[in-house]
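Subject: A structure for you to look through

Hi there,

Here is the structure I promised to pass on to you. Please open it beside this email, and then read on for what turned up in it.

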Amino acid sequence: MKRWFVLVLLGVSQFVMVLDSTVMNVSISTVAADLGTDISGMQAAITFYALTMAAFMLTGGKIGDKWGRSRAFRIGSVIYGIGSLTTALSPNLTVLMLGWSLVEGLGAILVIPAIAALAAINYLGRERVIAFAVLGAITGFAAAAGPLIGGLLTTYSSWRYVFVGEAVVMVIVLVLSGRIKDTAADRTLKIDLLSVVLSAAGLAILVYAILQSKTWGWIVPLNPPEIAGVTIAPFGVSPVAYLIVLAIVVLWLFILRQHHLEKVGAVPLLKVGLLRITALRSGLTMFLAQYFAIAALFFVVPVYLQTILGYDALQTGLKILPLSVGLIIFSMLGSRLSTVRSARHIGRVGQFTLAVGLFLVFAAVQPELAGWLFASGMFVVGAGFGLLASQLGNVNMSAVDSADTSEVGGLQGTFQNLGSSFGTAVVGSVFVLMLTSGFTAAVAESDTLPADVRDRVVAASSTGAPILSQEQAEQAMTDAGLPSEAAREVAQAYADSQVESLQQSLFLVFMLTVLGLMLARGLPAQIPVPEAKPVAGGEDPAPSTRRAKRAAAATPPVSSAEPGTTRSRRRSER
């Protein structure tokens, strides 16, 4: 058991990192009411939390190379704990975004790449395969447990205790982290500041543009910003379109900068050549697609259950429970299947299963929830997510040499959080835009509402319909001076439009998940098992050198393909 102590510490840290966002999603309505904000404000907080990690994750990986992964892990744990405590005490949305979206995110960019790199350093041979499979399963378990933990604490106590608990856990991890072995830090490493600025700015502008699309519109301006009374919509085009173009240009400049640094012999923030490795490129893009779907689902489903059906946080967690069960079972099953089936095969099955589950959830979203169909769909979604989670981490880390594990850990975190931020921002934007257009069309076409009522409601909603319950919508209409019968009819039209908009948003996620099946083609038919070699300086990083060497020598290849050297396998995967 002693040899797995490091994995336990890394696994607990991984659990906390993943738990965070799922807890916030399931408690979204309660947190919004507690902080005096609305669903759109919470969507912004969730998106910017993932954005902070996506924008700086590559930098976090490089800092780990410079400081040492173990030191970066400990410093990140301290920062993350401070952010968790700040979040627990936050009196309003601004402090929440400071503590959660920013400080916790900055702690996570040090911890997450270090987890992947330290697992690769401390375990070799067959033990490394097991370690990454376990970390994948823990990722699934945390995503599954989050809704239940959040639901229980939010309903019977307070969502704030989740973040207090996270702070306590990170203190315990910090105290015990001295037993984690590490390779020597590269103190001479220079991190290119311009690369950091370009990568962070490009990703931040892109996600911010997508987030604002629900208010400003994608191409046609809806409610563009004004500066000194001047509407910002050059040539009749929404600012979102210009921001997306600007983001693409900035990210292209970042790529050019990395090529230049490599050409002059300097250390780039990202080795662009790594993305030419087929297995790694496929694994990373599947990470993005997987977390896009899950983040979108975890935003849409709580809105549907809590806002439309009136469920509390615990009831929402229980409705998501089938996903949790499927995820836990199939992440463990996927880990065992990895010894007899290729990652490509398991990845394809996982992506297809995820798509089937999303379609079942889409079909179950009705004005009255189709309970058995919804539960079946959530279980199947969890099964697909579990199969993917059990494979992709090992695929990515095994595609490169040990010297690049920290960088790949950063890449993996970047793609994961980009998927999460895109999923929440894109689907949230589509939902609000569909809700606005559907609701205003339904009101405008009503034959029973008086003309003046139709005109007032359409004018008030044309710049973006808020996300409210049917009762809240009816009360808002009554407060605006509408007769009770007209207010009731408008609220019913609003509720019907909400359901239709949720269905359209879920169908979009389903379509993108089906397209993601093509990404599985690049997954390797065989994952190389790294040889148990000591690190520089003669120190064996594994808990037991002799045990690691025996495992590496005795372990057959993880598929039925013919064995070969690690180098030849990697070359065949590119």
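Let's start with Arg69, which is buried, because its relative accessible area is 8% and the buried class covers values under 20%. Please keep in mind as you read that this is a predicted model.

**Charged pairs**

What does Arg69 pair with? Arg69 makes a salt bridge with Asp65, and their closest N and O atoms are 3.1 Å apart. Asp65 also counts as buried, at 12% relative accessibility. As background, side chains of opposite charge can pair when their charged atoms come close.

The count of salt bridges in this model comes to 4. Another of them joins Arg257 to Asp192, where the closest N and O atoms are 2.8 Å apart. Arg257 sits in helix α9, while Asp192 is in the loop between α7 and α8 (193–216), so this pair ties together parts that are 65 residues apart in sequence. The two partners fall into separate classes of exposure: Arg257 is partly exposed, with a relative accessible area of 23%, whereas Asp192 counts as buried at 16%.

A further salt bridge links Glu474 and Arg488, with 3.9 Å between the closest N and O atoms. Glu474 belongs to helix α16 (residues 470–479) and Arg488 to helix α17 (residues 484–515), so the pair ties together parts that are 14 residues apart in sequence. Glu474 is partly exposed, with a relative accessibility of 26%, and Arg488 is partly exposed as well, at 46%.

**How some helices pack**

Now find helix α4 (residues 69–88) and helix α5 (residues 93–122). Their axes are 7 Å apart, and they pack at an angle of about 155 degrees. Angles over 145 degrees count as roughly antiparallel, and therefore α4 and α5 are roughly antiparallel to each other. Their crossing is left-handed.

Helix α4 also packs against α7, at an angle of about 160 degrees and with the axes 8 Å apart. α4 and α7 are therefore roughly antiparallel to each other too, and their crossing is likewise left-handed.

For a contrast, turn to helix α3 (residues 39–67) and α5. The axes of α3 and α5 come within 6 Å and cross at roughly 30 degrees. That makes α3 roughly parallel to α5, since angles under 35 degrees fall in that class. Here α3 passes α5 in a right-handed crossing.

**Buried spots that bring distant residues together**

Trp100 is a good residue to click on in helix α5. Is Trp100 buried or exposed? Trp100 counts as buried, because its relative accessibility is 0%. The C-alpha atoms of Trp100 and Ala45 are separated by 8.0 Å, although the two residues are 55 residues apart along the chain.

Gly68 is another one to find, in the loop between α3 and α4. With 5% relative accessibility, Gly68 counts as buried. How far apart in space are Gly68 and Ala184? From C-alpha to C-alpha the distance is 6.5 Å, while in sequence they are 116 residues apart.

**At the surface**

There is a nonpolar surface patch of about 840 Å², made by Leu85, Leu89, Tyr161, Val164, Val168, Val171, Ile172, Val175 and Leu176. Which helix gives the most to the nonpolar patch? Helix α7 (residues 160–176) does, with 7 residues. One of the patch residues, Val171, has its place in helix α7. Val171 is partly exposed, because its relative accessible area is 48% and the exposed class begins over 50%.

Last of all, have a look at Phe235, in the loop between β2 (230–231) and α9 (239–263). Its phi is near 60 degrees, a positive value in a residue other than glycine. Most residues other than glycine have a negative phi. Phe235 counts as exposed, because its relative accessibility is 82%.

Happy exploring, and do write back with any questions!

Best wishes

Terms used:
Residues numbered from 1 in each chain as written. Predicted model: local features only at pLDDT ≥ 70, side-chain atom pairs only at ≥ 80, totals over all residues. Heavy atoms only, no water. Patch = residues over 30% accessible without salt bridge, like charges linked within 9 Å, V, L, I, M, F, W, Y side chains within 5 Å. Areas by Shrake-Rupley, 256 points an atom, 1.4 Å probe, with all protein chains shown as cover. Salt bridge = Lys/Arg side-chain N within 4 Å of Asp/Glu carboxyl O. Helix = DSSP H or I, 4+ residues; strand = E, 2+ residues; numbered from the N terminus. Buried < 20%, exposed > 50% of the residue type's maximum accessible area, 1.4 Å probe, protein only. Axes fitted to C-alpha atoms, helices over the stretch in contact; angles between N-to-C directions. Parallel < 35°, antiparallel > 145°, perpendicular 65-115°, else oblique. Left-handed = near helix turned anticlockwise from the far one by under 90°.
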